Amino acid sequence: MESRDFDRRASAGHMRDEVLGTDGRGVAIAVVRASMIALAFTMLGSISLLISSGVHAQSSRSVGSPTSCVMPAATPIEIASGLNIPWSAVRVGSEVLVSQRGTGEIVAFRLGETLRSVGTVPDVVARGDGGMLGLAVLTEGTNVWLYAYHSTISGNRIVRMAYSEGALGEVQPVLDGLPGGRGHNGGRIEFGPDGMLYATVGETRNPNLSQDPNSLAGKILRMTPTGGVPTDNPVRGSLVYSLGHRNSQGLAWDDRGQLWATDFGDDGWDELNRVEPGGNYGWPVIEGRGGNPAYIDPVMQWHTQEMGPSGLAYVDGTFFVAGLTGQRLWSVTIDAAGNPEATAHYAGEFGRVRHVFEGSDGNLWFLTNGRRGDPGGQVLSVPLGSLAAPECSRASAAGGRGGVPATVP
Ligand SMILES: [Ca+2]
């Protein structure tokens, strides 16, 4: 009973954040920067080591120049509703499993069928932006594992449960003791094309940790399916794949196997980053484009009021970014010369957009947290139309370009 009461109080606190729409923005960044510049210089040696271990091997790789892209081709329709702050979704066959941040209950549905509960992840504590966050799925033979990143009373952890006959089994720990706090808990998990599990861990409102190679906060982690350190990680014995992130909540790989990630900025810039092993993405020394060779600039950046990025998807040449603060979905295409263009969709129409992914019917599906004051979360579906590369730019112009290309390759 105690934990249920705790969850309820935590949930009330969360709603204030949502109503204020702060998402933890407004940290005194000037103070942070002043103190971090000194630290950055003292750490330059280890940073250089990290960069040299991985970035040079891939620095000649182009941004990506797909010959076509996809764009939303109709009005989205609601395919599920009544969700309690849906955060992540994964496909298991024709089913979709959705996490609910405040309760830890995982629900499933098939297209055209109603939601049903498949179980509740135990020991979920929802505080601030924490709670039941990311899901990932791993199929081994006939076994299906559901992975879950969630907040506990003492931080965050990654667990897995067998998913069999429509129900979740016992919890097995994968990675315990991840940093956590009332804000900036990160929480996205995805399996990469290399079979490894990647996780975004926020800096838990301790910006200094993002540059500390010995902390897992403010990092993207890469681990084996059982939480071990892969032998080919950038730094031997470390789960850290990249550092200098603030509160990344989105991961996707393009069709070349290149990892990309969103980052939720403070009061300056939200980011879409091309993630290199061992790369340092600058927070809290730099937010958005900095032009400092010690840090990797984003490919695209947005003013925070029009973005506030969470989930990220890559579908047939187009990135899709879920915008929480901006209450819109963004598409990003990159032309043959490497120039990114971003287009806003549905601004203000569906409330805060939390995640976006390819649905079981080939349409683009996205999760909303509902409008302010109306917590009803939805899953929406929109068909995609394919365009040849020159048309992608024209479609972007017609749909309303946004964001600021942050790097010139
Ligand atoms: Ca950055």
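A residue counts as buried if 20 or more other C-beta atoms lie within 10 Å of its own. With that in hand, let's work through this predicted model.

**Exercise 1. Describe the protein as a whole: what are its secondary structure elements, and what share of its residues is buried?**

*Solution.* Start with the elements: the protein has 4 helices and 28 strands. Next, apply the cut-off above to its 409 residues, and 51% count as buried. Finally, look at contacts between residues at least 6 apart in sequence: 58% of them join residues at least 24 apart.

**Exercise 2. Decide whether Arg 222 is buried or exposed, and find which residues it contacts.**

*Solution.* First, locate the residue: Arg 222 belongs to strand S13, which spans residues 219-223. Then count neighbours. Arg 222 has 23 C-beta neighbours inside 10 Å, so it is classed as buried. Now set aside neighbours within four places in sequence; the contacts of Arg 222 are then Met 196, Tyr 198, Pro 230, Asn 233, Leu 239 and Tyr 241. As a last step, check a distance: Pro 234 is 12 residues away along the chain, and its C-alpha atom is separated from that of Arg 222 by 9.6 Å.

**Exercise 3. Work out which strands stand at the edges of the sheet that contains S28, and why.**

*Solution.* Begin with the strand order, S15-S16-S17-S18-S28, in an open sheet of 5 strands with antiparallel pairing. The edges are S15 (250-253) and S28 (404-405), because each has a single partner strand and one side without a neighbour in the sheet. Then zoom in on S28: 2 bridges join it to S18 (residues 300-303), and the two run antiparallel. Here Met 300 stands opposite Pro 405 of S28.

Terms used: Residues numbered from 1 in each chain as written. Predicted model: local features only at pLDDT ≥ 70, side-chain atom pairs only at ≥ 80, totals over all residues. Buried ≥ 20, exposed ≤ 12 C-beta atoms within 10 Å, placed from the backbone. Contact = placed C-beta atoms within 7 Å. Pairing = 2+ DSSP bridges.
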